[in-house]
Amino acid sequence: TYSRWEMIIINDGSHDDTAAIMDSFARSDHRITCISQENKGMTAARKTGVDKACGKYVLIFDSDDIIYPEALDTLVHIAETNSADIVSIPFRFWYPDGHKEESIKPDYNEIDGVTYLKKALEEKAYWALWQIMIRRDVISKADFDTGKDLLLGEDMVITTQIMSLRPKIVSCPVPLIDYRIRNDSISRIRTEKFHRDFRRSLDLS
């Protein structure tokens, strides 16, 4: 429902038909920009997108998740009405068998970044970057090169940096994202590097 948006799609070294599919979307809508780069990992891909962005707010989104049609209109309204730096977004876990389960609902209306970090440590809030809409001038201060080679925990590192700036955070009252749970996703594949990266992310945070 919100029309003043831009979409920046990053092809991080895919060798299938991803680039062609992206280009077809870009040709159909001038608001879509496609960038292909050699494989650098998720954090570097996100940095490319943030650097290219021109809008007031940034919403980082993974390719296999779903955002609701009313999401942008709702989030921008909340941010503008409350002069917020960040809007936290409830979501639904979408499991392989098709059932959905709601995420933790924020127990606050407005907090600062340091308080948010405390809640995340108490498992009352999430580390994921994709479940917060952030002012571009705030997320641009994050050092995406820190921990860029991590398979797990990269969101914890960047979120800690952002929240340490003490941004004003307000919560959205309703879920606006379906987070797809896949058994073959990077975050669910447990390897030695996976566990090593998680320990490193704690040190970097």
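**Two mixed sheets and the contacts around them**

Strand β5 (residues 86-88) runs parallel to strand β10 (residues 168-171), and three bridges hold the pairing. Within this pair, Ile86 has Ile169 of β10 as its bridge partner. The model is a predicted one, and it is convenient to read it outward from this pair of strands. The chain as a whole contains seven helices and 11 strands.

Strands β5 and β10 belong to an open sheet of five strands, ordered β3-β9-β5-β10-β8, in which the pairing is mixed. At its edges stand β3 (57-58) and β8 (110-112), each of which pairs on one side only. As background, the strands of a sheet pair through backbone hydrogen bonds, in either a parallel or an antiparallel sense. Helix α4 (residues 113-121) lies across β8, β9 (132-135) and β10, and the helix runs at about 95 degrees to β8.

A second open sheet is made of four strands in the order β4-β11-β6-β7, again with mixed pairing. Here β4 (66-67) and β7 (100-102) are the edge strands; each has a single partner strand, so one side of each is left without a neighbour in the sheet. Strand β6 (residues 91-94) and β7 run antiparallel and are joined by three bridges. Across this pairing, Phe93 stands opposite Glu101 in β7.

Is Ser88, a residue of strand β5, buried or exposed? With a relative accessible area of 2%, Ser88 falls under the 20% limit and is therefore buried. The side chain of Ser88 nonetheless has a polar partner, since it makes a polar contact of 2.8 Å with the side chain of Tyr108. Leaving aside residues up to four places away in sequence, Ser88 touches Pro106, Tyr108, Gln131, Ile132, Ile169, Val170, Ser171 and Cys172. Ile169, met above as the bridge partner of Ile86, is thus also among the residues touched by Ser88.

Charged side chains offer another way to follow the fold. In general, side chains of opposite charge can pair when their charged atoms come close. The structure holds 14 salt bridges. In one of them, the side chains of Arg135 and Asp85 meet at 3.9 Å, N to O. Arg135 lies in strand β9 and Asp85 in the loop between α3 (71-82) and β5, so this salt bridge ties together parts that are 50 residues apart in sequence. Arg135 counts as partly exposed because its relative accessibility is 23%.

Asp112 and Arg166 form another salt bridge through their side chains, at 2.9 Å, N to O. This pair links distant parts of the chain: Asp112 sits in strand β8 and Arg166 in the loop between α6 (154-163) and β10, 54 residues apart. The relative accessible area of Asp112 is 26%, so Asp112 is partly exposed, whereas Arg166 is exposed, at 51%. Salt bridges that share partners also join Arg46, Asp62 and Asp155 into one network.

A further salt bridge brings together the side chains of Glu102 and Lys105, at 3.9 Å, N to O. Glu102 is partly exposed at 37% relative accessibility, while Lys105 is exposed at 56%.

Away from the salt bridges, Ala44 shows how residues far apart in sequence can meet in space. Ala44 is placed in helix α2 (residues 42-52), and it counts as buried because its relative accessibility is 16%. How far apart are Ala44 and Phe144 in sequence and in space? They are separated by 100 residues in sequence, yet their C-alpha atoms are 6.8 Å apart.

Totals for the chain round off the picture. Among contacts with a separation of 6 or more, 75% are between residues 24 or more positions apart. Of the 205 residues in the chain, 41% are buried. The accessible surface of the chain comes to about 11,500 Å², and carbon and sulfur atoms contribute 50% of this area.

Conventions: Residues numbered from 1 in each chain as written. Predicted model: local features only at pLDDT ≥ 70, side-chain atom pairs only at ≥ 80, totals over all residues. Heavy atoms only, no water. Helix = DSSP H or I, 4+ residues; strand = E, 2+ residues; numbered from the N terminus. Buried < 20%, exposed > 50% of the residue type's maximum accessible area, 1.4 Å probe, protein only. Pairing = 2+ DSSP bridges. Contact = heavy atoms within 4.5 Å. Axes fitted to C-alpha atoms, helices over the stretch in contact; angles between N-to-C directions. Salt bridge = Lys/Arg side-chain N within 4 Å of Asp/Glu carboxyl O. Polar contact = N/O pair within 3.5 Å; in protein donor to acceptor, adjacent residues only side chain to side chain. Areas by Shrake-Rupley, 256 points an atom, 1.4 Å probe, with all protein chains shown as cover.
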